Amino acid sequence: MISELYQKNATADKLYLDPRTKILMCLLVSTTLLSGSPIGYLKIFHTILSLLPFVFLVVLKKLRAVVYFFVLYLFALFVPNLLAPYLPTWFNILFTGIIAFSVEIIPGYMMAYFMFSTTSVGEFIAAMDRMHVTKKLTVPISVTFRFFPTIREEYINVRDAMKLRGIGSFRNPLMMLEFRMVPFLTSIVSIGNDLAASALTRGLAAPNERTNVSNIGFKWRDYLVFGSLIIFYTLYFIVMYKQKVAI
């Protein structure tokens, strides 16, 4: 899988970010949004972090993903407030609260999607080796990089095969569930075993230091991101401190 942000054309080259930069942004967005409900001016900072994944996906021209996540985000943002007054308490606790909590989860998931879709396995392993991360963490995550795209391809293949046989209509959901999901779940087990064997064959868990041809390194774009993050979080903690003092 070749990184979409490391091509030789001028447009994509201007977007290239080191995998470590993308991992840092993913962790910061997720932890900050999940840290708690913002009050006062902190809502502005949380709004900026929530919009950041949308900006990256728009730049990458993943418009279908942008529309999907945007509709999902609006649903989680507005629907609980509209339905909560008219629903029983037990339903709000079980379902409405979970939907409302998704507002903080969706941007972090989008950043993870951005990182996975724009980073090759080789680049990720090279970045982990540069940070001296243990293989016990690197190998499972690197296998995950190929697991989800392979599952998607397998699901599409099963769906197309069922359509050729005339199976797949929602008019008969039980038949669709049996003839589509059963082969799909069976394929998932086989995919997991194949990817684990592939990782062992490639020597990902070898104790010796591996060579890597992936060209990674911090460029001016990464330093620009680091500088922006330092400024952003400096202002964030200043505002947070002033609000605590005022309270």
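Buried residues, meaning those under 20% relative accessible area (exposed is over 50%, partly exposed in between; 1.4 Å probe, protein chains only), make up 34% of the 247 residues in the protein. The model is predicted: local features need pLDDT of at least 70, side-chain atom pairs count only at pLDDT 80 or more, and totals for chains, interfaces and linings use all residues. Residues are numbered from 1 along each chain as its sequence is written, and side-chain values use heavy atoms, with hydrogens and water left out.

**Confidence**
- The mean pLDDT, the predictor's confidence in each residue on a scale from 0 to 100, is 78 for the protein, and 85% of the residues score at least 70.
- Among the elements, helix 2 (residues 19-33) has the highest mean pLDDT, 90, and helix 1 (residues 10-13) the lowest, 38.
- Residues 1-14 have pLDDT below 50, although this stretch has 29 contacts in the model beyond near neighbours in sequence; a contact means heavy atoms within 4.5 Å.
- Where pLDDT is low, the predicted coordinates should not be read in detail.

**Fold and surface**
- The protein has nine helices and zero strands; helices (H or I, at least four residues) and strands (E, at least two) are DSSP runs, numbered from the N terminus.
- Of the contacts between residues at least 6 apart in sequence, 74% join residues at least 24 apart.
- The protein exposes about 15,900 Å², and carbon and sulfur atoms supply 69% of that area; accessible areas come from the Shrake-Rupley method with a 1.4 Å probe, and for residues only the protein chains shown count as cover.

**Nonpolar cores**
- A nonpolar core is a set of buried Ala, Val, Leu, Ile, Met, Phe, Trp, Tyr and Cys residues joined through side-chain atoms within 4.5 Å.
- The largest core has 28 residues, and Met25, Phe69, Met111 and Phe114 have the most contacts inside it.
- Helix 2, helix 3 (42-59), helix 4 (63-83), helix 5 (89-117) and helix 9 each supply at least two residues of this core.
- Not counting residues up to four places away in sequence, Phe69 touches Phe54, Leu57, Ile106, Tyr109, Met110 and Tyr113.
- Another core, of seven residues, lies apart from the largest core and includes Met115, Val121, Met128 and Phe145.

**Helix 6**
- Seven of the ten residues of helix 6 (residues 121-130) are buried, so this helix is largely enclosed by the rest of the structure.
- The buried residues are Val121, Glu123, Phe124, Ile125, Ala126, Ala127 and Met128, and they pack against helix 2 and helix 7 (135-164).
- His132, with a positive phi near 60 degrees, follows helix 6.

**Aromatic residues**
- The structure holds 15 aromatic pairs; rings of Phe, Tyr and Trp (its six-membered ring) pair if their centres lie within 6.5 Å, and planes under 30 degrees apart count as stacked, over 60 as edge-to-face and the rest as tilted.
- Phe218 and Tyr223 form a tilted pair, 6.3 Å centre to centre with 50 degrees between the planes.
- Phe218 counts as partly exposed because its relative accessibility is 32%, and Tyr223 counts as exposed at 52%.
- Tyr233 and Tyr236 form an edge-to-face pair, 5.9 Å centre to centre with 65 degrees between the planes.
- Both tyrosines lie in helix 9 (residues 220-246), three residues apart, about one turn of the helix.
- Tyr233 is buried at 11% relative accessibility, and Tyr236 is buried at 4%.
- Phe45, Phe232, Tyr233, Tyr236 and Phe237 form one aromatic cluster.
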